[in-house]
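Dear colleague,

I am passing on the structure below, together with some notes on what turned up in it. Please read the notes with the sequence and the 3D view open beside them.

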Amino acid sequence: MHDLWYKSSVIYCVDVETFQDSDGDGVGDFRGLTTRLDYLARLGITCVWLLPFYPTPNRDNGYDVLDYYGVDPRLGSLGDFVEFTRQARERGMRIIIDLVVNHTSDQHPWFQAARSDPSSRFREFYVWAEERPPDHAEGVVFPGVQETTWSYDDAAGLFYHHRFYKHQPDLNIASPAVREEICKAMGFWLALGVDGFRVDAAPFLIELPHGGEEERQQYAYLEELRQFLSWRRGDAIMLAEANVEMGVITQYFGDDDRMHMLFNFYVNQHLFLALARGQAEPIARALAQLPPLPPTGQWAEFIRNHDELDLGRLSDEERDEVFRAFAPEEHMQLYQRGIRRRLAPMLGGDQRRLKLAYSLMLTLPGTPVFWYGEEIGMGEDLSLPERNSVRTPMPWSDEANGGFSDAPPDKLVRAVADGDDLGFRQVNVRAQRHDPGSLLRWLEHAIHARQEIPEFGRGTWRVLETDSPAALAICYAWREGVVIALHNLSPDAAEVIVDLGQGDNRHLIDLLDNGRRETVSGTRHRLELEGYGCRWLRLGGQGRVEEGASPAG
């Protein structure tokens with residue numbers, strides 16, 4: 001078995017067009033991103049996830065794809081992409097890219113051929129109906145913005161299915177020809193050096209156009225993708241976006257023959273409920289609901305991403321509780337289910353709470369995934385429509401356009417977030433690089449420390465009992481190592497009694513605080529935590545080798 005590299009990774013999600021502009025046209029590009037690889041390496045990133053960079057009309061942040069075998073000319077060329085992957089590899093970083101094959105753009109040559117010629121082989125690439133189905137208003141992904149999942153096409157004289165926007169017709173995954181094209185696209189990018197794919201909208205990708213026996217067989221398509229990937233490249237992975245009910249999560253992992261990783265939406269939503277309440281119980285409750293994973297399976301843990309913070313797995317009362325805490329105004333909410341804000345504004349820029357949240361993400365069971373700019377507590381722009389509020393350019397300095405681009409401000413792909421305490425003039429990489437107490441410097445230290453603690457990504461885990469409702473304690477064991485992640489979700493300092501089990505001559509080594517060591521006496525041990533404090537502790541015994549005790553960074 002290969003080394004399951006993704007279980008020890010720290011993933012960083014980048015939108016190429018908003019990260020760094022190299023040629024002054026106002027749009028980020030691969031050459032600009034390549035110049036920032038040293039920054040990512042210093043941060044401790046080991047895997048870069050690229051949002052869609054394919055040719056596109058760009059009506060949905062690149063998720064409306066025109067060509068699966070190219071690079072959007074605004075972002076560079078295939079040569080620029082290959083040079084980026086080479087430079088990343090030299091720094092020890094892997095690359096995963098978005099696989100957006102639930103739908104295409106309505107401008108894609110396949111759809112144009114399908115709609116204009118009934119005898120075209122591409123007609124079967126999409127899902128058609130002579131009459132609009134009676135349930136056409138059900139299952140819309142963007143309520144309040146999208147009204148139907150079936151729209152009429154004049155050229156075809158038929159209705160076509162689209163789970164997302166009208167300009168994104170769904171591909172017919174039941175067609176063998178479509179499946180062949182998807183594998184060809186995957187093989188193309190694997191040959192150019194990518195290490196895997198983030199599978200966009202996985203539940204809708206495997207949704208077949210008819211019910212009955214086909215519907216029961218839909219998950220088998222994930223096995224087909226896994227087999228192709230494994231034959232082409234044994235250590236490549238698939239990370240699925242599947243915000244589904246807990247009862248069907250295991251279908252996406254299968255018998256260790258489907259997806260390698262899934263985003264942990266369920267824990268993510270309960271984490272925000274815990275932050276709103278200042279209590280650990282929602283996280284502990286969510287963790288208790290997680291199914292056991294197969295040997296190669298892994299959770300991807302995150303705080304925020306490029307979409308809204310979806311709270312659909314919470315009860316109505318719980319969701320309203322999170323809204324009141326973090327998005328009390330209607331324009332901060334989206335699609336009747338989520339929040340369209342970045343974390344730092346939600347927490348009022350409170351550095352203690354930001355460090356608490358990211359410490360939680362780094363120590364929850366799985367692999368941490370950062371959204372670009374999170375490491376500096378980047379702000380937002382709520383004047384932008386829908387999800388674009390969290391997709392503003394990366395602020396590198398307090399110079400014009402935040403150092404993102406030399407273009408005139410009116411030429412930028414989007415304006416740099418500005419105008420409040422979290423705008424680019426106050427929150428940027430340069431300022432935090434020179435501030436030893438900044439969030440960036442703290443996260444550099446924490447990420448490097450985590451890389452010396454394999455238990456977090458690979459170990460078996462259990463939630464420990466404590467005597468404080470605000471304290472969350474998770475114990476990890478892998479091989480001979482035992483590590484405890486302890487967090488205080490309350491603003492008040494606390495002394496927490498943790499049940500460490502039986503054993504003599506033991507000690508705890510603080511992995512975030514210069515290897516500070518304290519002796520453990522008895523089964524139940526009292527630990528001090530600052531308000532919103534976090535501690536990563538290695539449990540050692542007599543003669544124990546104290547690897548990981550010396551902090552890096």
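In this predicted model, six strands make up an open sheet, in the order S15-S16-S17-S22-S19-S20, and their pairing is antiparallel. The edges are taken by strand S15 (460–464) and strand S20 (517–520), each of which has a single partner strand, so that one side of each is left without a neighbour in the sheet. On average, and with direction ignored, neighbouring strands of this sheet are turned by 25° against each other. Within the sheet, strand S19 (residues 506–510) and strand S22 (residues 534–540) are joined by four bridges in the antiparallel sense, and Ile509 is found opposite Arg538 in S22. Helix H14 (residues 351–363) packs on the sheet, where it touches strand S16 (471–478), strand S17 (481–488) and S22, and the direction of H14 makes about 155° with that of S17.

Another element to look at is helix H10 (residues 265–277), whose 13 residues reach 19 Å from the first C-alpha to the last, close to the 18 Å expected at 1.5 Å a residue. H10 is mostly covered, since ten of its 13 residues are buried, among them Phe265, Asn268, His270 and Leu273. Just after H10 comes Gly278, which takes a positive phi of about 70°.

Turning to the aromatic rings, a search of the whole structure gives 40 aromatic pairs. One of them is formed by Phe19 and Tyr372, which meet edge-to-face at 6.2 Å centre to centre, with 90° between the planes. This pair links distant parts of the chain, 353 residues apart: Phe19 belongs to the loop between strand S1 (11–14) and helix H1 (30–35), and Tyr372 to the loop between strand S14 (367–371) and helix H15 (429–433). Phe19 counts as buried because its relative accessibility is 0%, and Tyr372 is likewise buried, with a relative accessible area of 0%. Phe263 and Phe302 form a further edge-to-face pair, at 5.6 Å centre to centre and with 90° between the planes; here Phe263 lies in strand S9 (residues 261–263) and Phe302 in strand S10 (residues 298–302), 39 residues apart.

Two arginines are also placed over rings. Arg342 lies over the face of Tyr372, at 5.1 Å from the ring centre, while the charged end of Arg123 sits over the ring of Trp128, 5.2 Å from its centre. Finally, there is an aromatic cluster whose members include Phe30, Tyr54, Trp110 and Trp189.

With best wishes

Note on methods
Residues are numbered from 1 along each chain as its sequence is written. This is a predicted model: local features need pLDDT of at least 70, side-chain atom pairs count only at pLDDT 80 or more; totals for chains, interfaces and linings use all residues. Side-chain values use heavy atoms; hydrogens and water are left out. Helices (H or I, at least four residues) and strands (E, at least two) are DSSP runs, numbered from the N terminus. The expected span of a helix is 1.5 Å times one less than its number of residues. Buried means under 20% relative accessible area, exposed over 50%, partly exposed in between (1.4 Å probe, protein chains only). Two strands pair if DSSP finds at least two bridges between them. Axes are lines fitted to C-alpha atoms, for helices over the stretch in contact, and angles run from 0 to 180 degrees between N-to-C directions. Contact means heavy atoms within 4.5 Å. Rings of Phe, Tyr and Trp (its six-membered ring) pair if their centres lie within 6.5 Å; planes under 30 degrees apart count as stacked, over 60 as edge-to-face and the rest as tilted. A charge sits over a ring if NZ of Lys or CZ of Arg is within 6 Å of the ring centre and within 35 degrees of the ring normal.
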